[in-house]
Amino acid sequence: MFKKKIWKPILIGLAWAASLSGVVVLMSFINVKKEAVVCKDVKVYIPGNQYFIDKEEIDNILHLNSTNTLIGRRIAGINMHDLENKLKANAFIETAQVYADMDGVIRVEVTQRTPILRMMTQFDKDFYVDEHGLKVPLSNNFTARVLAANGFIEEPFGNKIDTLHTDMAKQVFKTAAFISKDTLWNAQIAQIYVNQQHEMELIPRVGNDRILLGNADSLQTKFANLLAFYKQAIPRVGWEAYKLINIKYANQVIGVKKDSTNKDGSVKPASAVKPDSLQNKIQDTSHIKN
């Protein structure tokens, strides 16, 4: 019994030593083979449906179409990390991964930035804002069909990736992010306009009315109120009846009709709209002039 206790750990140690030696030999073999592998091809993969950057531009960044091409060079002599950094320096690329397989093929995988908003400031600055709230320059290759925002926006832009600085721009982004995540509002709202009072107005695709949103507080409640207004007030008078729908207050919706006055200048009587879902929050205030 005493001999078994001595030999057991020795045998286990020998087994581990043999395994480690095998791994070292195998890794040495792989490294030797890798040293001799030559780049035969470069495969570029760009997922998604945005095309701010294409394969040709990737090729230019990696010098694939020049005399300094990667093809024909030994894999061991190519700095993959440096190639990734060159790709990430492009404003439209969010992530980049470059690696080589044992067959000599370098694989390049990039993800593009996803814009949700195009912002045009009062100082003629024009840029995209991506899903992370970062400002992105416009592209010469592709125009994204996203929500537009303009008006009295004072956000600076230095034609490079940057964060949003002003409170107004952040509120516009917060609103755009909310709209883009909702299929109904993403289809219905075409533009965000910031008026002189620095309040947001929404311009819908259907109807000629303006929707006064105010700020980006209580967005869930405000849009729920707007939806109830659409369902219960619009069917009675049609899409063209209102010139302004005010949802800036979370506890009410105010609709101002286009024909809010008679020909003689007198005010038409107002008819209250009180849907159950809003618990009497909706009012038709045709007597309010705008």
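Two strands pair if DSSP finds at least two bridges between them. Helices (H or I, at least four residues) and strands (E, at least two) are DSSP runs, numbered from the N terminus. With these terms, the tour can begin at strands β12 and β13.

This is a predicted model, in which local features need pLDDT of at least 70 and side-chain atom pairs count only at pLDDT 80 or more, while totals for chains, interfaces and linings use all residues. Residues are numbered from 1 along each chain as its sequence is written, and side-chain values use heavy atoms, with hydrogens and water left out.

**Stop 1: strands β12 and β13**

Select residues 242-246, strand β12, together with β13; the two run antiparallel and are joined by four bridges. Within this pair, Y242 has K257 of β13 as its bridge partner. Six residues form the connection in the hairpin from β12 to β13.

Next, select residues 253-257 alone. Five of the five residues of β13 are buried, so the strand is largely enclosed by the rest of the structure. Buried here means under 20% relative accessible area, with exposed being over 50% and partly exposed in between (1.4 Å probe, protein chains only). V253, G255 and K257 lie on one side of β13 and I254 and V256 on the other, and both faces are covered. In a regular strand the side chains alternate between the two faces of the sheet.

**Stop 2: the whole chain**

Zoom out to the full protein chain, where the secondary structure comes to seven helices and 14 strands. Of its 290 residues, 38% are buried. Contact means heavy atoms within 4.5 Å. Among contacts between residues at least 6 apart in sequence, 55% join residues at least 24 apart.

**Stop 3: the sheet of β1, β3 and β2**

Select β1, β2 and β3. These three strands form an open sheet in the order β1-β3-β2, with mixed pairing. β1 (41-45) and β2 are the edge strands, each pairing on one side only. On average, neighbouring strands of this sheet are turned by 15° against each other, direction ignored. Five bridges hold the parallel pairing of β1 and β3; to view one position, select V44, which stands opposite V108 in β3.

**Stop 4: helix α3**

Add residues 80-88. Helix α3 lies across β2 and β3 and runs at about 160° to β2; axes are lines fitted to C-alpha atoms, for helices over the stretch in contact, and angles run from 0 to 180 degrees between N-to-C directions.

Which residues of α3 are buried? They are M80, L83, E84 and L87. Seen down the axis of α3, these buried residues fall within an arc of 100°, so they line one face of the helix; the arc is that of the directions from the helix axis to the C-beta atoms. The elements covering them include α2 (55-61), β2 (93-100) and β3 (105-112). At the N-terminal end, α3 is capped by N79, whose side-chain oxygen lies 3.1 Å from the backbone nitrogen of H81.

**Stop 5: strands β4, β5 and β6**

Move to residues 126-130. Four of the five residues of β5 are buried, so this strand is largely enclosed by the rest of the structure. Strand β4 (residues 115-120) runs antiparallel to β5 and is joined to β5 by five bridges, with L117 and V129 as bridge partners. The hairpin of β4 and β5 has five residues between the strands, and D124 there takes a positive phi near 65°.

On β6 (residues 134-136), β5 makes an antiparallel pairing over two bridges, in which K135 is the partner of V129. Three residues separate β5 and β6 in their hairpin, and G133 in the turn has a positive phi of about 80°.

**Stop 6: the nonpolar cores**

A nonpolar core is a set of buried Ala, Val, Leu, Ile, Met, Phe, Trp, Tyr and Cys residues joined through side-chain atoms within 4.5 Å. The largest has 38 residues, and L117 and V172 have the most contacts inside it. Helix α4 (residues 167-180) gives this core its largest share, seven residues. Select V172 to see what it touches: L117, M119, A149, I192, V194 and M200, not counting residues up to four places away in sequence. A second, separate core of 20 residues includes V42, L64, I78 and I93.

**Stop 7: A177**

Finish at A177, found in helix α4. A177 is buried, with a relative accessible area of 14%. Now add E131: the two residues are 46 apart in sequence and 7.2 Å apart in space, C-alpha to C-alpha.

Terms used. A polar contact is a pair of N or O atoms within 3.5 Å; within protein, one must be able to donate a hydrogen and the other to accept it, and residues adjacent in sequence count only if both atoms are side-chain atoms.
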